[in-house]
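Q: I'd love a close look at one part of this structure, with its surroundings filled in as you go. Could you take me through it at your own pace?

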Amino acid sequence: MNGSPGDETAASPSLPSDESPRASSGSTNRIGDPVSDYLPRAEVDSRWWYWIAAVPIYVVLGGVLAVFFLGAFLFDLFLTGGIVSLLGAFVVFPIVGLAGLLLTVMFPIATYVDARAIAESEASWSPDPLLWGLVALVTVVASAFTLSLVVALYYLYKRHVAVGTP
């Protein structure tokens, strides 16, 4: 029975049935969006924008820590013999570095996922998720969060106008 031609066509899926309903339900174009299947889908009210909001917080916190470390280093150099500088160099810097590494990975992903959720919603703003994800990636890699601050703040502003949060 397995060798009959009728069983082969019934056992093998046809091309139209391989198409997932997601591909025809208004999602992003599979050809124009190569990462669509690899990243999670989110709703507009998800918390992916928290990662985008973390970029300005990280930049401000990094600036404050840099000023504090410079002051502590000068204080340490003249009065305590290096204890504060060692604490900063071996405890604070690695923590800030790991947070920066995590944001380097998550900022472009979160921007893409959140922009796709907004684009697929009924919001007045329809961002191109691939473009926003690439802009986020380029600004993180090329400017070490300097331009990412501007991109994140602008994205969050546009998101607020269109969706209402943050």
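Leaving aside its neighbours within four places in sequence, which residues is Trp132 in contact with?

A: Happy to take you there. Please keep in mind that this is a predicted model. Once neighbours within four places in sequence are set aside, Trp132 is in contact with Thr111, Ala115, Trp125, Pro127, Val151, Tyr154 and Tyr155. Trp132 itself sits in helix H5. Its relative accessibility is 14%, and because buried means under 20%, Trp132 counts as buried. Pro108 lies 24 residues away from Trp132 in sequence, yet the two C-alpha atoms are 7.8 Å apart in space.

Let's step out to the helix pair around this residue. Helix H5 spans residues 129-143 and helix H6 spans residues 146-163; their axes come within 7 Å and cross at roughly 155 degrees. Since angles over 145 degrees count as roughly antiparallel, H5 is roughly antiparallel to H6. On the H5 side, the contact is made by Trp132, Val135, Ala136, Thr139, Val140 and Ser143, while H6 brings Thr146, Leu147, Ser148, Val151, Tyr154 and Tyr155. Sorted by class, the contact of H5 with H6 has eight nonpolar residues, four polar ones and no charged ones.

Trp132 also belongs to a wider picture. The largest nonpolar core has 20 residues, and those with the most contacts inside it are Ile52, Val55, Phe107, Trp125, Trp132, Phe145 and Tyr155. Helices H3 (49-80), H4, H5 and H6 each supply at least two residues of this core. Phe107 is worth a visit too: not counting residues up to four places away in sequence, Phe107 touches Trp51, Ile52, Val55, Ala136, Thr139, Val140, Ser148, Val151 and Ala152.

From there we can move on to H3 and H6. These two helices pack at an angle of about 135 degrees, with their axes 9 Å apart, and are therefore oblique to each other. Their crossing is left-handed. H3 contributes Trp49, Ile52, Ala53, Val55, Pro56 and Val59 to the contact, and H6 contributes Ser148, Leu149, Ala152, Leu153, Tyr155, Leu156 and Arg159. By class, the residues of the contact of H3 with H6 divide into eleven nonpolar, one polar and one charged.

One last stop is helix H4 (residues 83-119), where Ser85 has its place. With a relative accessible area of 13%, Ser85 is buried. Not counting residues up to four places away in sequence, Ser85 touches Phe69, Phe73 and Asp76.

Conventions. Residues numbered from 1 in each chain as written. Predicted model: local features only at pLDDT ≥ 70, side-chain atom pairs only at ≥ 80, totals over all residues. Heavy atoms only, no water. Axes fitted to C-alpha atoms, helices over the stretch in contact; angles between N-to-C directions. Helix = DSSP H or I, 4+ residues; strand = E, 2+ residues; numbered from the N terminus. Parallel < 35°, antiparallel > 145°, perpendicular 65-115°, else oblique. Contact = heavy atoms within 4.5 Å. Nonpolar A, V, L, I, M, F, W, Y, C, P; charged D, E, K, R; others polar. Buried < 20%, exposed > 50% of the residue type's maximum accessible area, 1.4 Å probe, protein only. Core = buried A, V, L, I, M, F, W, Y, C linked by side-chain atoms within 4.5 Å. Left-handed = near helix turned anticlockwise from the far one by under 90°.
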